[in-house]
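Here are two short exercises to work through with the model open in front of you. Try each task before you read its solution.

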Amino acid sequence: MTALRSKLTTYESRVGLNEMTPGAAITQFQQWLDAYGDNGAWQIYVDDQARKDSAERERQRVEVEARKIRDAENAARSTATGICDRYRAGLLSSRASETPVGRVVCGLAVIGSPGATYEGFSGQDMHQHTTTPLITALVSGITQSEKWPPESCAEVDALKRWLNGPGAGISSVEKIPGDTFVFHARVWHPGGKWGGKETSPGWKDRGACVYCQHWIRRIGARSV
């Protein structure tokens, strides 16, 4: 194998220095191989290179997929931040409450589709589309443990916008390609006590609520 690798390196170097053509290098190498009697060394080398090439192709594939996910995560964050920039003074819920309640906003990005982003707002009074039987099926089985119904979340609004666009042909929950979605939510904090501390009004990052965690996990989507 040592002699084989040395000979290959020599021909590669000579081709690189334009001292011989690739065709001449292949011919001379084959002649040397025939005369050398490599005892299977060449096949071992070829098999080893094939394994390395396969591993490298898989590494590149994984990296490409990881980059697509990172790009979608950034796009979802950017979309949510864009809403916050438009509503710098905040957004309050219309839900009756003794104290002001801030709305949640959401950015939805589609993995592998740069520029495919959708906005979402909490509260069905701000949803762009009505709740369909498909959405009802999506949130079915979720016990209402918050002061709002599961279908009123910002993530639901963003998903409905996608379903009324590219996903218009989706007819069942099972057909929602959730493994291609990334959600990012932010909430308007009106000020006052937050985590036991006195805080100023402002937009805060917010993880998916217990409702959205349920159906986002159900369709295999991501929340960042």
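**Exercise 1: the largest pocket**

Task: Find out which residues lie nearest the centre of the largest pocket, and how many residues line it.

Solution. Start in the middle: Ser93, Arg95, Val101, Gly102 and Trp148 are the lining residues nearest the centre, out of 30 that line the largest pocket. Keep in mind that you're looking at a predicted model.

Next, look at the space itself, which comes to about 660 Å³ in this pocket.

Now bring in the helices and strands. At least two lining residues apiece come from α5 (154–163), β3 (181–189) and β4 (192–194). The largest share belongs to β3, with 3 residues.

Last, sort the lining by character: you get 12 nonpolar, 11 polar and 7 charged residues.

**Exercise 2: a pair of cysteines**

Task: Work out how many disulfides the model has, and why Cys209 isn't bonded to Cys153.

Solution. First, recall that a disulfide is a covalent bond between the sulfur atoms of two cysteines. The cut-off to use here is a pair of cysteine sulfurs within 2.5 Å.

With that rule, the count is 0 disulfides. Take Cys153: it is in no disulfide, and its nearest cysteine sulfur, in Cys209, sits 3.7 Å away.

Then check from the other end. The closest cysteine sulfur to that of Cys209 is the one in Cys153, and Cys209 makes no bond with it because 3.7 Å is too far.

Finally, are these two buried or exposed? Cys153 has 4% relative accessibility, so it counts as buried. Cys209 is buried too, at 5% relative accessible area.

Key. Residues numbered from 1 in each chain as written. Predicted model: local features only at pLDDT ≥ 70, side-chain atom pairs only at ≥ 80, totals over all residues. Heavy atoms only, no water. Buried < 20%, exposed > 50% of the residue type's maximum accessible area, 1.4 Å probe, protein only. 1 Å grid on protein atoms, 1.4 Å probe; cavity = no way out; pocket = protein on both sides within 12 Å on 5 of 7 lines; lining within 4 Å. Points joined across faces, edges and corners; volume = space filled by probe spheres on them. Helix = DSSP H or I, 4+ residues; strand = E, 2+ residues; numbered from the N terminus. Nonpolar A, V, L, I, M, F, W, Y, C, P; charged D, E, K, R; others polar.
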